[in-house]
Amino acid sequence: MRDRNLDITLAALVATLWAALCAAAASGGAGTDLAAFWIAARVWEMGGGAEIYAFSESEFFSADSPLWRSAAAEAGLSAPLFPYVYPPIWAALAAPVAALTPWPAFQGIGAFLLLLALGLSPIAVRRLAGGRASRTAWTAGGLALVTVGQPFLVALPQAQPQLLVTALTLFAMAWELRGRGRWAPHLAGGALGLAAALKLTPAVVALWWLATGRLRAIPAFVIVGGGLGVAQLLALPLEMTGAYLSRLAAISALVIETPVNHALEHGLLILSGGAG
């Protein structure tokens with residue numbers, strides 16, 4: 001047990017150091033994805049919740065509205081500005097934090113926390129793959145491979161909340177497939193529900209659980225993901241959810257050719273099939 005605790009501690013230290021170094025390296029970038037999150041929260045705080053999805057019909061990756069430009073100017077950010085494409089409930093929840101936290105601090109802290117979540121994910125991959133090497137070795141080796149990968153190097157300056165979604169999805173799958181103890185299914189479902197509440201696509205894993213009869217984690221997934229969905233419908237105007245879904249559908253219909261755009265869902269489904 002002592003060796004196990006030491007291994008977990010060392011793996012967490014490796015992930016923390018890696019996250020801190022990567023966050024420092026990314027500090028000179030625009031952090032455009034994270035900036036969209038901060039600006040949307042500021043726009044909400046300024047009373048313009050309806051404008052958090054304001055961007056050109058013809059340019060889906062360029063946000064533009066008076067309040068959006070005002071918040072961007074406050075942060076010293078200039079065009080092009082990525083639009084906010086997450087459920088509106090998160091902009092509302094982040095509004096008090098964004099009001100008290102200037103953009104440079106929000107960027108630094110946010111990037112570190114997102115990278116830390118990703119940095120810990122090799123521990124989940126180890127469990128998912130049934131690996132026998134130490135957690136520290138998996139973490140160090142996995143992060144070394146991630147760091148030199150072109151997709152990560154391109155995405156790093158953007159500080160994408162997708163990093164947290166990826167980590168939550170991996171831990172959900174690991175806890176559901178190989179978790180021990182009676183809380184493992186609940187942790188799996190809760191993590192996946194939170195990931196799906198941030199970005200809808202992780203819900204595909206819940207469909208895989210249903211299709212294969214793996215139902216232990218479904219109740220927690222429904223409670224967490226569904227609870228956040230209901231909270232959004234009760235707390236926010238219905239037209240805001242409609243605007244979000246409309247924009248999401250429009251962006252999802254686009255086909256973008258890029259050598260560094262790899263779909264997370266494809267890899268997870270392949271991994272799931274192999275592990276099952």
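Which residues touch the most other members of the largest nonpolar core? Of the 70 residues in that core, they are Ile39, Tyr84, Leu115 and Trp209. The structure is a predicted model, and the protein in it has 276 residues. The points below go from the whole protein to its core, its salt bridges, and a few single residues.

**Overall make-up**

- The protein has 13 helices and zero strands.
- Read from the N terminus on, the elements run α-α-α-α-α-α-α-α-α-α-α-α-α.
- Of the 276 residues, 44% count as buried.
- The accessible surface of the protein is about 13700 Å², and carbon and sulfur atoms account for 68% of that surface.
- Among contacts between residues at least 6 apart in sequence, 77% join residues that are at least 24 apart.

**The nonpolar core**

- The largest nonpolar core holds 70 residues.
- Ile39 is one of the four core residues that touch the most other members.
- With neighbours within four places in sequence left aside, Ile39 is in contact with Trp68, Ala71, Ala72, Leu77 and Leu81.

**Salt bridge between Arg135 and Asp7**

- A search of the whole structure finds three salt bridges.
- One of them joins the side chains of Arg135 and Asp7, at 3.3 Å from N to O.
- This pair links distant parts of the chain, with Arg135 in helix α6 and Asp7 in helix α1, 128 residues apart.
- Both Arg135 and Asp7 are buried.

**Salt bridge between Arg42 and Glu74**

- Arg42 and Glu74 form another salt bridge, in which the closest N and O atoms are 3.2 Å apart.
- Arg42 belongs to helix α2 (residues 32-45) and Glu74 to helix α3, so this salt bridge ties together parts that are 32 residues apart in sequence.
- The two partners differ in exposure: Arg42 counts as buried because its relative accessibility is 11%, under the 20% cut-off, whereas Glu74 is partly exposed, with a relative accessible area of 46%.

**Salt bridge between Glu176 and Arg214**

- The side chains of Glu176 and Arg214 also meet in a salt bridge, at 3.0 Å from N to O.
- Glu176 lies in helix α8 (residues 162-178) and Arg214 in the loop between α10 (203-211) and α11 (218-235), so the pair ties together parts 38 residues apart in sequence.
- Glu176 is buried, with a relative accessible area of 2%, while Arg214 counts as partly exposed at 24% relative accessibility.

**Surroundings of Glu74**

- Glu74 is placed in helix α3, which covers residues 66-75.
- Apart from neighbours within four places in sequence, Glu74 is in contact with Trp38 and Arg42.
- The side chains of Glu74 and Arg42 also make a polar contact, at 3.2 Å.
- Glu74 and Trp103 are 29 residues apart along the chain, and their C-alpha atoms are separated by 8.4 Å.

**Helix α1 and Thr136**

- Leu13 is found in helix α1, which covers residues 2-26.
- Why does Leu13 count as exposed? Leu13 is exposed because its relative accessible area is 52%, and the cut-off for exposed is over 50%.
- Leu13 also takes part in a nonpolar surface patch of about 270 Å², together with Leu6 and Leu10.
- Thr136 lies in helix α6, which covers residues 135-147.
- Thr136 is buried because its relative accessible area of 18% is under the 20% cut-off.
- Leaving out neighbours within four places in sequence, Thr136 is in contact with Asp7, Leu10, Ala11 and Val14.
- Two of these residues have appeared above: Leu10 helps to make the nonpolar surface patch, and Asp7 is the salt-bridge partner of Arg135.

**Ala92**

- Ala92 is found in helix α4, which covers residues 88-100.
- Is Ala92 buried or exposed? Ala92 is buried, because its relative accessible area is 18% and buried means under 20%.
- Aside from neighbours within four places in sequence, Ala92 is in contact with Trp44 and Leu236.
- The C-alpha atoms of Ala92 and Ala235 are separated by 9.3 Å, although these residues are 143 apart along the chain.

How values were computed:
Residues are numbered from 1 along each chain as its sequence is written. This is a predicted model: local features need pLDDT of at least 70, side-chain atom pairs count only at pLDDT 80 or more; totals for chains, interfaces and linings use all residues. Side-chain values use heavy atoms; hydrogens and water are left out. Patches are made of residues with over 30% relative accessible area and no salt bridge: like charges are joined within 9 Å, nonpolar side chains (Val, Leu, Ile, Met, Phe, Trp, Tyr) within 5 Å. Accessible areas come from the Shrake-Rupley method with a 1.4 Å probe; for residues, only the protein chains shown count as cover. A salt bridge is a side-chain nitrogen of Lys or Arg within 4 Å of a carboxyl oxygen of Asp or Glu. Helices (H or I, at least four residues) and strands (E, at least two) are DSSP runs, numbered from the N terminus. Buried means under 20% relative accessible area, exposed over 50%, partly exposed in between (1.4 Å probe, protein chains only). A nonpolar core is a set of buried Ala, Val, Leu, Ile, Met, Phe, Trp, Tyr and Cys residues joined through side-chain atoms within 4.5 Å. Contact means heavy atoms within 4.5 Å. A polar contact is a pair of N or O atoms within 3.5 Å; within protein, one must be able to donate a hydrogen and the other to accept it, and residues adjacent in sequence count only if both atoms are side-chain atoms.
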